[in-house]
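Got a few minutes to read a fold together? We'll take it feature by feature, with one of us asking and the other pointing.

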Amino acid sequence: MSLQGRIAIVTGSGGGLGRAHALYLASRGAKVVVNDLSLEAAAKVAAEVAAAGGDAIAVAASVTDEAGVAAMVERTLAEWGRVDILVNNAGILRDKSFAKMTMDDFRLVVDVHLIGAAICCKAVWEPMRAQGYGRIVMTTSSSGLYGNFGQANYGAAKMALVGLMQTLAIEGAKHNIRVNSLAPTAATGMTEGVLSEESLRRLDPALVSPGLLALVVEDAPTRAILCAGAGNFAAAHVTLTDGFYAGAGGRRRRARSRGLGRGDRPGGRDRPGLRLHPGRARAGQGRFRPPMASWSPAAARAQENAPGRGVPGAFQFSLDGRA
Ligand SMILES: NC(=O)c1ccc[n+]([C@@H]2O[C@H](COP(=O)([O-])OP(=O)(O)OC[C@H]3O[C@@H](n4cnc5c(N)ncnc54)[C@H](O)[C@@H]3O)[C@@H](O)[C@H]2O)c1
């Protein structure tokens, strides 16, 4: 999976996962813009890329600063002529239980993760549309996908990024702009003291970056959500059960014959058709092969169009063998 000739911007890459991503993308041939709040941190990583034989420039800007981000994209276009890849990686935490969280901390976290990513997407959107090529990755989190104590602000912002991905992927499709999400787990400044020493030892950020690569190469999927950590990779899906048609009043017999749980049936615990029955949700997920086989747009389309398999964003990809 080569990125020869591709130009990538990685936000918040002065350390942690962003640094690992910048080094990895550069090792695959991409020229990389290393962005962070501090020029010193960004320049250090850019020097590491250069020392490894790659090309990088360091740009200090906050992703929340529209003018600063616009200037970063203009500089990239002036130096290298295009922007092929945007990795929205910059992030912060302000963890507290919701009871103790201030709205200022809620807004700040949403501002950096969600609004910051939207600002960066907006800044590269026209260049990507004009060149008919773009690969964008949102850095989401299991805290957003599934929740985590003390992270109401962060989880809300991280899941909002999945929503941003869904629509940008639809709007970008005809311009060959593909948009995906990465949910990493890694030992970085962000997880120091949060995870156990034993876990942190296994969670080298560099083990996440091959997953990022699969989301930004030419034959990348679109609308995929990839969980990655410690060398494990798994796709998460926003899914839907088959449901049933209740008509004006619903028919208990039909619902029962389709094997729905009580809560799915008309007259069951919930309103008809609105409850995701865990058993069926699991059965639906089980129809998908693990995300290790080769991904192709045709295969993904066939999978999505197969009867009863309509999970948007289903994908398969390869992390090995096609380096
Ligand atoms: N480490 C994990 O296990 C984990 C889990 C899930 C999601 N993530 C996400 O991965 C991304 C990277 O996190 P990390 O673990 O490497 O943390 P980190 O703290 O090591 O790195 C985050 C980087 O973003 C930079 N940054 C913060 N605000 C910025 C802004 N406004 N503009 C530009 N840069 C800014 C920081 O200076 C820092 O270098 C984040 O989006 C984080 O939410 C991390």
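What follows is a short dialogue on reading this predicted model.

Q: Let's start wide. How many helices and strands does the protein chain have?

A: Keep in mind that this is a predicted model. The protein chain has eleven helices and eight strands. Of its 323 residues, 42% count as buried. Looking at contacts between residues at least 6 apart in sequence, 64% of them join residues at least 24 apart.

Q: Now a helix. What span should the 15 residues of α3 have, and what do the end C-alpha atoms say?

A: Take 1.5 Å a residue: helix α3, residues 66-80, should then span 21 Å, and its end C-alpha atoms are 21 Å apart, so the two agree.

Q: And how do I read the sides of a helix?

A: The general idea first: an α-helix has 3.6 residues a turn, so residues three or four places apart point the same way. Now the case here: Val-69, Met-72, Val-73 and Thr-76 of α3 are buried. They cover an arc of only 90 degrees around the axis, so they sit on the same side of α3. On the other side of α3 you find Ala-67, Glu-74 and Ala-78, which are exposed.

Q: What covers the buried residues of α3?

A: The cover includes three strands, β1 (7-10), β2 (31-36) and β3 (56-60), along with helix α4 (103-131).

Q: Let's move to phi angles. What should I expect?

A: Most residues other than glycine have a negative phi. Just after α3, Gly-81 takes a positive phi of about 85 degrees, but that one is a glycine. Asn-176 and Arg-223 are not: phi is near 60 degrees for Asn-176 and about 65 degrees for Arg-223.

Q: Where do Asn-176 and Arg-223 sit?

A: Both are in loops. Asn-176 is in the loop between α6 (152-172) and β6, while Arg-223 lies in the loop between α8 (209-216) and β7. Check their surroundings too: Asn-176 is partly exposed because 15 other C-beta atoms lie within 10 Å, whereas Arg-223 counts as buried, with 24 C-beta neighbours inside 10 Å.

Q: Now strands. Is β6 mostly covered or mostly open?

A: Mostly covered: nine of its nine residues are buried. Follow the alternation along the strand. Ile-177, Val-179, Ser-181, Ala-183 and Thr-185 point one way, Arg-178, Asn-180, Leu-182 and Pro-184 point the other, and all are buried.

Q: In which sense does β6 pair with β5 and with β7?

A: Parallel in each case. With β5 there are six bridges, and with β7 there are five. Ser-181 is a handy anchor: this residue of β6 is the bridge partner of Met-138 and stands opposite Ile-225 in β7.

Q: What about β7 and β8: parallel or antiparallel?

A: Antiparallel. Five bridges join β7 (residues 225-229) to β8 (residues 232-236). One of the partnerships is Cys-227 with Ala-234 in β8. The two strands form a hairpin with two residues between them, where Ala-230 takes a positive phi near 55 degrees.

Q: Can we compare two single residues? Is Ile-136 buried or exposed?

A: Buried: Ile-136, found in strand β5, counts as such because it has 30 C-beta neighbours inside 10 Å. Leaving out residues up to four places away in sequence, Ile-136 touches Leu-86, Cys-121, Leu-168, Ile-177 and Val-179. Its C-alpha atom is 5.9 Å from that of Val-87, with the two positions 49 residues apart along the chain.

Q: And Gly-132: buried or exposed?

A: Exposed, because Gly-132 has 10 C-beta neighbours inside 10 Å. Its place is in the loop between α4 and β5 (134-139). With the sequence neighbours up to four places away set aside, Gly-132 touches His-175 and Asn-176.

Q: Last stop, the ligand. Which residues come nearest?

A: Of the 28 residues around the ligand, Gly-12, Gly-16, Ala-90, Gly-91 and Thr-188 come nearest. By class, the shell has nine nonpolar, 18 polar and one charged residues.

Q: Which element supplies the largest share of the shell?

A: That's α1, with three residues. At least two residues each come from α1 (16-27), β2, α4 and β6 (177-185).

Methods. Residues are numbered from 1 along each chain as its sequence is written. This is a predicted model: local features need pLDDT of at least 70, side-chain atom pairs count only at pLDDT 80 or more; totals for chains, interfaces and linings use all residues. Two strands pair if DSSP finds at least two bridges between them. Helices (H or I, at least four residues) and strands (E, at least two) are DSSP runs, numbered from the N terminus. The expected span of a helix is 1.5 Å times one less than its number of residues. A residue is buried if 20 or more other C-beta atoms lie within 10 Å of its own, exposed if 12 or fewer, and partly exposed in between; C-beta atoms are placed from the backbone. The arc is that of the directions from the helix axis to the C-beta atoms. Two residues are in contact if their C-beta atoms, placed from the backbone, lie within 7 Å. A residue is near a molecule or strand if its C-beta atom, placed from the backbone, lies within 6 Å of it. Ala, Val, Leu, Ile, Met, Phe, Trp, Tyr, Cys and Pro count as nonpolar, Asp, Glu, Lys and Arg as charged, and the others, Gly among them, as polar.
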